[in-house]
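Biologist: Can we go through the pockets and the sheet in this one?
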Amino acid sequence: MLASALSALIGVPALMATTTATPSEAGAAQALQQARQQGPLALHQFLLAMPKGADLHMHLTGAVYAESFMAQAADDQLCVDSAKLMLVNPQPSCTNANVAAGQALHNQNLYDAMIDAMSMRAFVLTPGHNGHDQFFATFSHANALTASPKHVGDWIAEVTERAATQNEQYLELMYTPPFAHAAALAHRLGWQDDFAAMRRQLLANGLKDELPADRQVITQALAQRTQSQHCDSPAASAGCAVQVRMLYQVLRGAPPEQVFAQTLLGFEVASADPHWVGINFVMAEDGYLSMRDYSLQMRMLDYLHQQYPKVHISLHAGELAPGLVPPEGLRFHIRQAVELGHAARIGHGVDVMYEDQPLQLLKEMAARHTLVEINLTSNDVILGITGQDHPLPFYLRYGVPVALSTDDEGVSRIDLTHEYVRAVQEFHLDYPTLKQMVRNSLTYSFLPGASLWSNEGQLASPCIGQTLGAAQPGSACQTFLRGSAKATAQWELEHRFDVFEAAPPALN
């Protein structure tokens with residue numbers, strides 16, 4: 001239905017849309033078609049092995065499976081509130097009402113109830129209890145564990161191991177480091193409409209005091225990950241090869257003075273530490289404060305972007321559906337994120353066709369090269385949007401670059417391969433379209449350095465004439481690659497495609 005048309009309309013870079021398929025690419029395309037005809041299990045086998053580049057939209061604490069949280073809670077001697085199904089801190093020990101998490105591991109009924117409470121597993125839509133509320137409620141059940149940065153390294157190890165098994169190279173992980181000092185400072189100083197004056201006062205009163213702690217969280221976590229995965233030894237696990245960068249999460253559902261202070265802290269952290277490559281606003285977009293202050297928050301970003309122009313911005317925008325908010329709430333979020341919030345990427349973008357002048361907006365996003373992070377399962381379970389109600393075909397039709405991502409794979413009980421299977425099944429995507437989505441995931445990543453591809457889909461001039469992904473490119477191309485982490489990752493992706501296309505999985 002969409003296959004041949006969409007492959008030529010995926011967005012930039014458009015190399016796959018403008019060149020004749022190589023014999024290997026044609027063979028991979030045929031293998032995909034055969035897998036599609038054989039059903040979802042064969043399709044999964046094909047797509048599991050296919051290179052997938054990056055997952056650009058992944059909340060770290062939402063990506064970890066609940067089983068891991070329960071094991072870590074037992075190690076930390078936390079308790080389980082068996083009535084509320086929440087992890088809680090001992091006071092100073094677990095009482096009869098609060099069972100030790102270690103004991104809960106041996107109580108199958110309680111264990112199952114906790115896994116279900118911390119995820120979408122076993123969720124059934126019932127009157128008064130929808131997928132949206134279940135999804136966002138899952139995070140509070142593990143908050144006694146996830147509020148501490150103690151296990152961040154363990155979580156990074158888990159998600160990188162899972163990524164490695166699916167032929168992924170790079171993850172941008174959203175995470176909220178400590179910001180209590182910034183929040184307290186904001187509440188003490190109070191709100192004022194003058195952004196410049198507010199920034200000066202926050203900085204003058206010690207907002208940067210939290211910077212060392214925020215930087216240390218990731219430094220320690222990455223060291224912990226390196227140790228647990230044996231990355232500095234011959235016994236290094238496969239997950240060590242998966243690169244990681246962090247996106248600073250700002251909690252948009254807070255009072256404006258706190259949002260401004262945390263956003264300012266996020267810009268400062270990303271300016272000072274290369275592990276943090278950008279910021280993102282999180283929490284339910286339909287929440288009261290999120291909706292009331294949306295335009296105000298975009299103006300905050302407009303101002304702070306001028307002060308920190310090198311800090312990348314990716315925003316949740318348009319994670320809304322008809323009926324979830326009043327109709328007027330669907331009309332402007334994506335446009336303001338792009339035009340006022342300076343978002344280089346947006347996550348979800350589900351309500352784009354309900355925005356004012358949506359077709360003009362799609363053309364503008366294509367012209368700006370604003371990538372959309374597509375989260376199909378998340379959009380289904382939270383918003384009830386799937387199939388023909390999803391705007392993915394419109395993004396493709398208008399040349400807006402897109403990439404598939406997982407959002408919260410632990411909460412949703414999925415992985416990135418699942419999202420590729422779903423995309424192929426629901427939207428009949430062909431191999432060139434999938435390959436371009438994968439290329440987009442690295443092209444629009446926030447990895448530092450120049451891209452291997454121009455906006456027109458042409459190779460960077462030092463690498464023109466070289467065999468893509470070759471082990472020994474020419475000297476000029478090698479120099480270019482050494483100077484760019486992004487181009488190096490893109491070159492590695494081309495090598496992985498060569499290997500995959502030479503012998504794509506096939507169930508005969």
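Modeller: Pocket first: on a 1 Å grid over the protein atoms alone, a pocket is an open set of points where a 1.4 Å probe fits, with protein on both sides within 12 Å along at least five of seven lines, and lining residues have an atom within 4 Å of a point. This is a predicted model, where local features need pLDDT of at least 70, side-chain atom pairs count only at pLDDT 80 or more, and totals for chains, interfaces and linings use all residues. Residues are numbered from 1 along each chain as its sequence is written, and side-chain values use heavy atoms, with hydrogens and water left out.

Biologist: Which residues lie nearest the centre of the second largest pocket?
Modeller: Val277, Lys310, His312, Ser445 and Phe446, out of 25 that line that pocket.

Biologist: Which elements supply at least two residues of that lining?
Modeller: Helix H15 (256-272), strand S7 (276-282) and strand S8 (312-317). Helices (H or I, at least four residues) and strands (E, at least two) are DSSP runs, numbered from the N terminus.

Biologist: What is the bridge partner of glycine 278 in S8?
Modeller: Histidine 312. S7 and S8 run parallel and are joined by two bridges; strands pair if DSSP finds at least two bridges between them.

Biologist: And what does H15 touch on the sheet?
Modeller: S6, S7 and S8 (contact means heavy atoms within 4.5 Å).

Biologist: What is the strand order in the sheet?
Modeller: S1-S5-S6-S7-S8-S9-S10-S11, an open sheet of eight strands with parallel pairing. S1 and strand S11 (402-404) are the edge strands, each pairing on one side only.

Biologist: Back to pockets. Which element gives the most to the lining of the largest pocket?
Modeller: H9, with five residues.

Conventions: Axes fitted to C-alpha atoms, helices over the stretch in contact; angles between N-to-C directions.
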